[in-house]
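Take a look at the structure below. This report walks through a few of its local features, one place at a time.

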Amino acid sequence: MDADRLLSFDRYSLDLANEQLLQDGEVVPLTPKAFAVLHRLVEDAGQLVKKDDLLRSVWRDTHVSDGALRVIILEIRRALGDDSDQPRFIETVPRRGYRFVASRARTARRSAVADGHGTLVGRDGVMAALETRFVRACGGERQLVFVSGEVGIGKTTVLDAFVARAAREPDVMIARGACLEHYGVAESYLPVLEAIGRLLREPGSDRAIRLLEKYAPTWVLQLPWLAPRDDREALRRELVGVTKERMLREMSEALEVLTTESALVLVLEDLHWSDHSTLDLLGMLARREETARLLVLGSYRPVDVIVAGHPLQSLLQELRVRRQCHDIALPFLDQADVAAYLAQRFGAETSTSDLAGAVQLRTDGNPLFMVRLADELVAVGVLVEDAGRWRLRGPLGDVARAVPESLRALIDKQIGRLEPGAQRVLEVAGVLGDQFTAGAIAAGLGDDPAVVEEQCDALARQGQLVVPGPVTTLPDGTPLAHYAFAHNLYPQVLGARVPAARRMRLHHRIGDWLERAHGNQANAISTQLAWHFEEGHDHRRAIQYLISAAESTAGRFAYRDAIRVLHRALALAREVEAGVRPAIETEILERIGDAHYCLGAMADAAKAYRAEAARAADAGLVSAQIRALSRLAWPFGLIDPDQGIAAVAQAAELSADGDDPLLHASTEILAGSTRLWYDRWREEDWTRCASARQRIHDLSAAGISPYHRMIYAHLEVLRGKYREALRELEAGIATVNEPTSMMVNFFAHSGKTLALLLSGRWGELMRVVRAAKEIAERNGDAPWLFIFREAWLRTVALDFDGARALCDTVTREATTEYPTGQPQTIAKFSRAYVQLGNRQYEDALQTFAQILDPAATPKFFLHWYWRMKAQLGLADAWLAAGNLRKAWTEADRFLDAVSSTAEPNLLALASEVQARVAMAARDWTRAERDIESALAIVTQFDIPTTGWRVHATRADLYRCVKDEAAAEPHRARAEALVVALADSFDRDEPLRQAFLSSPPVRRIRGGRAHRRTAARESKH
């Protein structure tokens, strides 16, 4: 690790552990800031380091000027004897920064590393195999190695020895973490976060921190100590909605970049307790083909994996088939190995084949059994030291009598030699698991925490059963001492000594203490609390904290892990009192549905909401049933709209029969809007929604919920109330903090993009789409909503080829569970207008007819809007083909359909196409009436998306009646609207040019230029 290394250049070295500059081993005085600047420059040797980067990394929380940096550089040059005019070490890049120009290398401090009894025995082959993999990893060939074996086989000892050996090599980083035995689902990425956290806390880890901040910002959020609170909150807002896939990709890429200069040994122990997310990361690291100087070492117990059905087994099988990992199964020690150990520890006299055979027989060659047996032989006087030499006292039969038949009895003997107070402490510690705190033990025993801490310290000083850990603080500032067992066998044996009734009481007391000690921050340890309260048979509180743990897990974008935690909570709900069980079960089912929805598993989300509705109905929980049926609109709106409509209709009926007018009004909004979105526009549904909204405002000062506000804003958009709707929708985008807020955020974006599209703010819409697509793709999401909006925008901007290509890509490559009805319809619509432009009238008519056919085009979000546009397309096609009778028929049908809506663009287009057909029939009176009706609509609603078309047709009508003077203002108005729409785009936006070069737009803009040219020629 960097803490054990020196960065060397010329005759100098940077001692990273002690933050000192050395020259030929002697300390050169240097202030801390100067050392930090020099370290950064040497770390990035050969690269320009900008002034701003130096100021940020060295003066992280302080604003200083360039002058302070110049003073530091001068101090460094003086210490190194460097000349700024002819630099040997630090080169100034004028007005930009500095560059370290000398060559540098990392060297390691050499120190002997051995355990208390010498070197490993019986593991030469294992160490050689690990060395081979290490050499390959250092050469850029990533390696995944899994070390396996039963309890006590020596996995940790082997890893300790190998890590110690690897740490002595230059340019090698060590990151080490371990899985913990958790109740239910383990905390996501726990061993990885521990390993990376340890690595980043090492002296000299600045480069690693910078790379993590750059390439893995989602992981920075999981290490709160790494960034100031303000930076953390800003990053959290920026990363709202990111996915687990993004986290996996970020860490994979960060490790690849990190290992370009130094090799990394990533050690993850006890993977048989691993969370699923950590296994996903291991799978991705194995499958990636990019060069990485990375050696991943994992340890696990095969029996535990098989018995528990842990997913590590499937991962290992997959990686073995693909030859993407290497297995090292640790064997038991044979008699020769046991003899070597005895000789190493006690001298050659004790390594007789008889003694080694007896020890090997009683321990089966298990290293831990062997070591603990040797300890026991010394403790009971079978092995004694006499004049500096060890000898066997008594017959070998005493060895058999000294060794119990099981390790449990052996550990019981060790514990039995302790005083009773220490035994009580250890028994409670055994209930807590591998790691424990003095405070938790004191709470369980009801003893003075200071006394318990003294007892734990005394045990830790003995160095056999307990080892000391870090000291942390509780939220109120109280220090909390941590400890761990020397081996995980000890808590298993100790815990079994505690009777079931006492164990239950201990868990409950400890849970109570933890909850009180953490106060309003108790959710930060929700996994621990859930375990304690379940073991303490306080199932309601256990469920409460399981739900909290699921929310925390989902906050790390690990939705599958969240679902597993919630299913555990659902199973536990069977243990609560019958009177409250249904309410708890429906709440959990709802959260399971939400998690599936966030994951994109719409069928599973619908299944969970249906189960919630059924459970609520059985229990007579009408409000919960209504809420569940209403929630079905989310997934069914995307997979089967009719079922969604039916579900919310049932919810509305139930709410009408209840005694909660606020719930009924909210449900009415959802039911009416669902019908308006997924069936057809009916004025009575809109009236019902508006009335329900008013009732809510009358009943509650808080008004309607954010979710229902987003739904209602969509309806206002479809009525041309763009400004009011956008105000509500923008507020929805600003509040995205909790899982339910994800849906508020989603519908806020949906409504905003629709409002921008229909109101003619095309450029702003495209910028929103581009930014959202970039974020979604960076997160590993399919940005389907924004792709659909862009395709719609391209149709109104007359880029039919672009719209069709975009939709074809979605329907061909989409991998989510979202349906593709909308992009398929947009693709058909675009293809029909391309056919129409090519005078393929029959083909265009057939394509438009397919959109109108419910069998060929099932329902989707606003399907009725596209069917009406297809009806308009039929009128355009018959008009272009010269069949006025059929053009009249389709134009009338379009007008009849549109008359049922309040959407101003459709209403204006309906009158405009009537005018064009009347003009073709030379019915000037009717044409005049229809076009004036269209003009009134575009004037009232300010809809440039349709307004330019209406003004262009008005100009055409004036020309038909030979009134050129009256035509020109409308042509000019049409051109102004076209230019405004185009100029709303960025100048380099391709869609801008596509719109301006479309034939209808060229005709508007080119007409005036043609007439001016003709006028100039007539003067000559």
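This is a predicted model. We start with Val 220, which lies in helix α8, residues 217-220. Is Val 220 buried or exposed? Its relative accessible area is 4%. The limit for buried is under 20%, so Val 220 counts as buried. Now compare sequence and space. Val 220 and Leu 193 are 27 residues apart in sequence. In space, their C-alpha atoms are 9.8 Å apart.

**An enclosed space**

Next, look for empty space inside the model. Rolling a probe the size of a water molecule over the atoms shows where such space is left. A search of the whole structure finds 3 cavities of 30 Å³ or more. Take the second largest cavity, with a volume of about 70 Å³. Which helices each supply at least two residues of its lining? They are α6 (190-201), α7 (206-215) and α10 (244-258). Helix α10 gives the largest share, 4 residues. The lining includes Ile 196, Leu 199 and Leu 200. Ala 208, Leu 211 and Leu 212 are also among the lining residues. So are Met 251, Ala 254, Leu 255 and Leu 258. What classes do these residues belong to? The lining has 10 nonpolar residues, no polar ones and no charged ones.

**Two positive phi angles**

Now turn to the backbone. Most residues other than glycine have a negative phi. Asp 270 has a positive one, near 60 degrees. Arg 922 also has a positive phi, near 60 degrees. Where do these two residues lie? Asp 270 lies in the loop between β11 (263-269) and α11 (276-287). Arg 922 lies in the loop between α44 (904-920) and α45. Their accessibility can be read against two limits: buried is under 20% and exposed is over 50%. Asp 270 has a relative accessible area of 13%, so it is buried. Arg 922 has 61%, so it counts as exposed.

**A buried aspartate in α45**

Stay with helix α45, which spans residues 924-941 and holds Asp 930. Asp 930 has a relative accessible area of 9%, so this residue is buried. Which residues does Asp 930 touch, leaving out those up to four places away in sequence? The contacts are Ser 911, Gln 914 and Ala 915.

**Rings and charges**

Last come the aromatic rings. A search of the whole structure finds 30 aromatic pairs. One of them joins Tyr 865 and Trp 866, with an edge-to-face arrangement. Their ring centres are 6.2 Å apart, and the planes meet at 70 degrees. Both Tyr 865 and Trp 866 are buried. The two also belong to a cluster linked by ring pairs. Its other members are Trp 681, Trp 792, Phe 800, Phe 829, Tyr 833, Phe 848 and Trp 864.

Some rings have a charged side chain over the face. Here are two cases.

| Charged residue | Ring | Distance from the ring centre |
|---|---|---|
| Lys 869 | Trp 866 | 5.9 Å |
| Arg 954 | Tyr 958 | 3.8 Å |

Trp 866 therefore appears twice in this report, since its ring pairs with Tyr 865 and has Lys 869 over its face, within the 6 Å limit for such a charge.

How values were computed
Residues numbered from 1 in each chain as written. Predicted model: local features only at pLDDT ≥ 70, side-chain atom pairs only at ≥ 80, totals over all residues. Heavy atoms only, no water. Buried < 20%, exposed > 50% of the residue type's maximum accessible area, 1.4 Å probe, protein only. Contact = heavy atoms within 4.5 Å. 1 Å grid on protein atoms, 1.4 Å probe; cavity = no way out; pocket = protein on both sides within 12 Å on 5 of 7 lines; lining within 4 Å. Points joined across faces, edges and corners; volume = space filled by probe spheres on them. Nonpolar A, V, L, I, M, F, W, Y, C, P; charged D, E, K, R; others polar. Phe/Tyr/Trp six-rings, centres within 6.5 Å; stacked < 30°, edge-to-face > 60°. Lys NZ or Arg CZ within 6 Å of the ring centre and 35° of its normal.
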